[in-house]
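Student: I should like to understand the terms used for this model and the values behind them. May we go through them one by one?

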Amino acid sequence: MGDANCRINIAVLVSGHGRGSNLQAIIDACKEGRVDGQVSVVVGTKDEAPAMERARSNGVAAVEVKPKNFATDEEYAARLIAVLAEHKADLVCLAGYMRILPSQMVDAYRWRIMNIHPALIPLFCGKGMYGEHVHQSALDYGVKVSGCTVHFVDEEYDTGPIVIQKAVPVEEGDTAESLAARILVQEHKAYPEAIQLFAEGRLRVEGRVVHVLPE
Ligand code: GRF
């Protein structure tokens, strides 16, 4: 965990089509002093992803690690861990990373990997729940409130202990697109807040509950 008064190194993991808006929000929060840390590397499954471009234009190292280039999960995990070690990552943030991480990677960084999901977990999450599917499912169900969740990552999709949630009211006439856009605004606040709590060493995981210690 990060220590008080110590700037942490953050690694951001993205998938092939990652836009990188959460990455940008994290970079901006570091620059503006809202997060005591810096993004030391972005690891992507595809070099051409917009998020990788965004990393480079912000002067952040962007390293491609293609899962399909590895024969086994162990080898993929070993490469990820090597890149993270090289860039001295204290915390790994998934931002539009669409895969289950290999268990060796989850183990090596236990409670030091976070993800952001655009719904209030445990609703509208799990395998296949990404992008527009999440918001369309929320609208089809008729919920009046959705939102976003930052959680620690365990071995399954969206099941790890919850760090922060922000609620977003559903409005009459919302489409998946309009709801997604309002939730994204909150994602960009929630992720830096969660990272700062980590950097301050204020997160304690007990069972599946994350306790936020006082300042
Ligand atoms: C976000 O909606 C996030 O909640 C989900 O993937 C999307 C990534 O968007 N996990 P961006 O690449 O950060 O713009």
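Tutor: The discussion below takes the ligand and then one helix. This is a predicted model, in which local features need pLDDT of at least 70 and side-chain atom pairs pLDDT 80 or more, while totals for chains, interfaces and linings use all residues. Residues are numbered from 1 along each chain as its sequence is written, and side-chain values use heavy atoms, without hydrogens and water.

Student: What makes a residue one of those around the ligand?

Tutor: One of its heavy atoms must lie within 4 Å of the ligand. The residues around the ligand are Arg 19, Gly 20, Ser 21, Asn 22, Gly 96, Ile 116, His 117, Pro 118 and Glu 187.

Student: Why is the pairing of the ligand with Arg 19 called a polar contact?

Tutor: A polar contact is a pair of N or O atoms within 3.5 Å. A ligand oxygen lies 2.7 Å from an N or O atom in the side chain of Arg 19, so the pair qualifies. A ligand nitrogen is 2.8 Å from a polar backbone atom of Ile 116. The protein covers 85% of the 360 Å² of accessible area (Shrake-Rupley method, 1.4 Å probe) that the ligand has on its own.

Student: How do you know that the span of helix α6 is close to the expected one?

Tutor: The expected span is 1.5 Å times one less than the number of residues. Helix α6 (a DSSP run of H or I, at least four residues) covers residues 176–199 and has 24 residues. From first C-alpha to last it reaches 34 Å, against 34 Å expected; therefore the span is close to expectation. Just after α6, Gly 201 takes a positive phi of about 70 degrees.

Note on methods. Polar contact = N/O pair within 3.5 Å; in protein donor to acceptor, adjacent residues only side chain to side chain. Helix = DSSP H or I, 4+ residues; strand = E, 2+ residues; numbered from the N terminus.
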